[in-house]
Amino acid sequence: MATKPDTSAERRRLQMADIARLAGVSMSTVSRALNGSTLVNEETRRRIGELARSLNYTINESAKNLRLQRNQTIAVVVPYDTQSRQHISDPFFLSMVGSLADALTDRGYDMLLSRVDAEALDSVSSLYDVGRAIGIVLIGQWRHHDQLNALAARGVPVVVWGGQLPQQLYCTVGGDNLLGGRLATQHLLDQGRRRIAFLGDAQLPEVALRLAGHRQALADAGISFDEALVHKVPFEEQGAERAIDALLQAGGAGFDAVFACSDLIAILAMRALRRAGRRVPDDVAVIGYDNIALAAYADPPLSTIHQPVSQAGIELVDALTRLIGGEAQSPRLLPVELVVRQSSVVGTSLR
């Protein structure tokens with residue numbers, strides 16, 4: 001009696017043949033690439049992964065079972081964005097990666113650190129699809145909320161460090177950016193500052209929430225929001241300097257404070273202000289965001305909004321492992337705190 005052919009296996013074989021033909025490689029190369037073999041160069045693996053996703057190809061069940069049963073690797077992905085230019089050497093990224101490494105090690109997981117183009121966040125699924133990782137932690141939403149929703153809809157276990165957005169299908173863990181924005185601006189208002197410049201790229205979800213908190217604090221104080229005081233600043237040295245130069249050259253009522261969306265931008269802004277002969281905080285008060293270790297040693301020491309990075313690593317890993325285990329996960333909002341140092345208060349010795 002003839003056995004019935006395994007149609008699913010035949011379908012996978014035909015799909016693999018299609019991928020091999022389109023990629024211009026052998027089927028054995030396709031197989032190695034989809035299983036993460038380092039015998040296939042990275043560019044070819046990436047191209048084969050993209051073709052596999054476009055054809056809705058899934059690896060066979062035995063490979064899937066092997067991944068779930070024996071693989072203990074979590075991918076930590078730091079996107080690279082050519083517009084914001086925030087490099088992995090950014091102190092906030094380094095502290096977040098360190099927090100995640102500690103949390104993963106404590107739970108017996110290995111960490112795979114990876115970078116992807118922020119314009120193609122959905123490409124992180126290849127790490128899961130080919131079995132290199134059992135789940136993904138993505139640091140930042142960047143500008144592609146839709147791609148992250150698509151990943152969640154596909155069932156890719158991914159947890160994102162970022163802000164909660166409307167119609168969100170994926171799980172985020174993040175600081176309370178709206179509250180952080182309010183705390184920073186209210187502190188500057190309490191120091192008698194009324195013309196507060198905001199430096200940051202509000203196209204990024206977390207920064208947009210901080211700007212919304214900034215606007216709320218101004219409205220609560222009866223102060224009109226001035227769009228001219230908002231400057232889109234990427235995470236690179238010249239961006240903060242250009243913004244400060246533009247503010248100084250604008251004339252009019254000027255500005256007496258700066259709220260920067262990151263400590264790094266705040267520190268660079270203080271340097272630009274010094275070069276222009278403006279004293280911090282006497283002429284211009286400055287506050288940052290994140291409370292990186294360097295903030296306390298800035299000149300002057302930087303007031304900032306503290307993000308609970310150590311707790312963030314634990315929460316991200318906990319949410320992801322629960323997601324891998326089949327438990328739906330809601331977004332998690334972590335508390336933030338105001339840290340006051342000399343950059344924002346005249347005559348203080350606070351550190």
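Biologist: Happy to look at this one with you! Is Asp129 buried or exposed, and what makes it so?

Modeller: Asp129 has a relative accessible area of 19%. Buried means under 20% relative accessible area, exposed over 50% and partly exposed in between, with a 1.4 Å probe and protein chains only, so Asp129 is buried. Keep in mind that this is a predicted model, where local features need pLDDT of at least 70, side-chain atom pairs count only at pLDDT 80 or more, and totals for chains, interfaces and linings use all residues. Residues are numbered from 1 along each chain as its sequence is written, and side-chain values use heavy atoms, leaving out hydrogens and water.

Biologist: Why is the contact of Arg154 and Asp129 called a salt bridge?

Modeller: The term asks for a side-chain nitrogen of Lys or Arg within 4 Å of a carboxyl oxygen of Asp or Glu. For Arg154 and Asp129 the N to O distance is 2.9 Å, so the pair qualifies.

Biologist: Good! What makes Arg154 partly exposed?

Modeller: Its relative accessible area is 47%, so Arg154 falls in between the two limits.

Biologist: How do you know that Glu241 and Arg275 form a salt bridge?

Modeller: Their closest N and O atoms are 3.1 Å apart, which means that the pair is within the 4 Å limit.

Biologist: And why is Arg275 called exposed?

Modeller: Arg275 has a relative accessible area of 56%; exposed starts over 50%, so the word fits Arg275.

Biologist: What about Glu241, at 29% relative accessibility?

Modeller: That value lies in between the limits, so Glu241 counts as partly exposed.
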